[in-house]
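Hello,

Here is the structure I promised to pass on to you. Have a look at it first, and then read on for what turned up in it.

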Amino acid sequence: MASRSAIVIGAGIVGLATARALAVQGFSVKVFERTDRAVGASIRNFGMVWPIGQPAGKMYDRALRSRDIWKETAPRAGFWHEPAGSLHLAYHPDEWRVLQELYEIFHKEGRPVRLLDKTAIAASSGAVKTEGLLGGLHSSDELIVDPREAIASLPGWLTEQYKVEFFWGKCVSYISDQIVYIGNDEEYEADLVFICNGADFETLYPEQFAEQPVTKCKLQMMRLVAQPDEWRIGPALCGGLSLIHYNSFKAAPSLAALRSRYAAEMGDYLQWGIHVMVSQNGRGELTIGDSHEYGLTHDPFDKDFINRMILDYLRRFACFRDWSVAETWNGVYAKLTDGEADLFFSPEPYVYVINGVGGAGMTLSFGLAEELVAGL
């Protein structure tokens, strides 16, 4: 019996996860990517695999499954990863109250969390500013990869492990009857076609996308130089503003009061969707950010004042050996406006769209793709 065939359009993390899920199910898979290598949102992020940000149940389980696939894949595909965990820090009584509430909730859910006092935090990370520190919530779920390394390494591993074929610099112009067309003359046929085109959703099936509750988010980020003497920060670090960013934290009864204080005291941070966190890659570089601007069309230029706001807030809770900025950039990803976690629909028979994972592509894509492919 001939194996079933599938085509995946897009070689970002959603496309790669979909190719893997299909290959594991025995499909022969071809992946088409319009650029010579993936350069979109999948490489413009913290590299954080972030279960703590996902609410209990399906989403948290999906994040854990994705993390397990990352852990299993990284040594085989030859890219760096670190089960660094995360540390959310409190410098105000209302932040500390929220963290204590979250500890009680997460602990009951069976998550591996601990409340740490100032002494324990200083022991776990030399990068935390202890002046005025009230405490922190530590989680051991979180994993860090370098997104540039990981996204660059996965195609070779998928080819070697599952014979997935990659076609780079091939822009799909249209799809009809399970035939994928590159321009007008080059065509490829498959039993199933998956479109994983992220923020580039104007190219294929634009009318169907126009009916979906989807917009785009532009974020600004920076990378600080590799820290001297191989100095490590330990867990990924988050300031108080991150508490109003993640869905899982909405479970805290005191969160609304905290948000009100931030709105009164730091309205400019909320206006630009800024919350501040930092991860460290295998080379010792620090990835920091980020901001969130929503809309279908974005100004291509970075705003210097946003980067300065991020750095100013970061200095409230972090101290590094070297603050030199090596790189700045922006990324754009597709974001759903109805509060859902992902977008999955079929614009025509045997053609499926997987999109809208928002800023959680590294955290959710592997698990999501497994679920969707298994459910077909």
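**Q54 and its surroundings**

Setting aside neighbours within four places in sequence, Q54 is in contact with M59, Y60, A63, R111, S248, A360, T363 and L364. Please keep in mind as you read that this is a predicted model. Q54 itself sits in the loop between β3 (48–49) and α2. Its relative accessibility is 11%, so Q54 counts as buried, because buried means under 20%.

**D94 and a far-off stretch of sequence**

Another residue to click on is D94, which is part of helix α3 (residues 93–108). Is D94 buried or exposed? With a relative accessibility of 13%, D94 counts as buried. Apart from its neighbours within four places in sequence, D94 is in contact with L258 and R261. A257 belongs in this picture too: D94 and A257 are 163 residues apart in sequence, yet their C-alpha atoms are 7.8 Å apart in space.

For a contrasting view, try A122, a residue of helix α4 (residues 118–124). A122 and F167 are 45 residues apart along the chain, and 49 Å separates their C-alpha atoms. A122 has a relative accessible area of 39%, so A122 is partly exposed.

**Salt bridges**

How many salt bridges does the structure hold? There are 24 salt bridges in the structure. Here are some pairs to look up.

One of them brings together the side chains of E370 and R65, at 2.8 Å from N to O. This pair links distant parts of the chain, with E370 in helix α10 (residues 361–374), R65 in helix α2 (residues 58–77), and the two positions 305 residues apart. E370 is partly exposed at a relative accessible area of 23%, and R65 is partly exposed at 31%.

Then there is the salt bridge between the side chains of E285 and R148, at 3.0 Å from N to O. Here too the pair links distant parts of the chain: E285 lies in the loop between β16 (277–280) and β17, R148 lies in helix α5 (residues 147–162), and they are 137 residues apart. E285 counts as buried, with 16% relative accessibility, whereas R148 is partly exposed, with a relative accessible area of 24%.

K170 and E186 form a salt bridge as well, and their closest N and O atoms are 2.9 Å apart. K170 is in the loop between β9 (165–168) and β10, while E186 is in strand β12, so the pair, 16 residues apart, is another link between distant parts of the chain. The relative accessible area of K170 is 24%, which makes K170 partly exposed. E186 counts as partly exposed too, at 25% relative accessibility.

Which residues are joined into one network by salt bridges that share partners? They are D146, R148, E149, R223, R283, E285 and E327. You will recognise R148 and E285 from the pair described above.

**A negative patch on the surface**

On the surface, D177, D185, E187, E189 and D191 gather in a patch of negative charge. One of these, E187, belongs to strand β12 (residues 186–189). At 46% relative accessibility, E187 counts as partly exposed.

**Backbone points to check**

Some backbone angles deserve a look of their own. Most residues other than glycine have a negative phi, and most peptide bonds are trans.

- Q178 is not a glycine, but has a positive phi of about 65°. Its place is in the loop between β10 (172–176) and β11 (179–182).
- D229, also not a glycine, has a positive phi of about 55°. D229 is found in the loop between β14 (214–224) and β15 (236–238). Its relative accessibility is 73%, so D229 counts as exposed, because exposed means over 50%.
- G289 and D290 are joined by a cis peptide bond, with omega at about 0°. D290 lies in the loop between β17 (286–289) and β18 (293–294).

Enjoy exploring the model, and write back whenever you like.

Best wishes

Definitions and conventions. Residues are numbered from 1 along each chain as its sequence is written. This is a predicted model: local features need pLDDT of at least 70, side-chain atom pairs count only at pLDDT 80 or more; totals for chains, interfaces and linings use all residues. Side-chain values use heavy atoms; hydrogens and water are left out. Helices (H or I, at least four residues) and strands (E, at least two) are DSSP runs, numbered from the N terminus. Buried means under 20% relative accessible area, exposed over 50%, partly exposed in between (1.4 Å probe, protein chains only). Contact means heavy atoms within 4.5 Å. Patches are made of residues with over 30% relative accessible area and no salt bridge: like charges are joined within 9 Å, nonpolar side chains (Val, Leu, Ile, Met, Phe, Trp, Tyr) within 5 Å. Accessible areas come from the Shrake-Rupley method with a 1.4 Å probe; for residues, only the protein chains shown count as cover. A salt bridge is a side-chain nitrogen of Lys or Arg within 4 Å of a carboxyl oxygen of Asp or Glu. Lys and Arg count as positive and Asp and Glu as negative; His and the chain ends are not counted. The place of a charge is taken as NZ of Lys, CZ of Arg, CG of Asp or CD of Glu.
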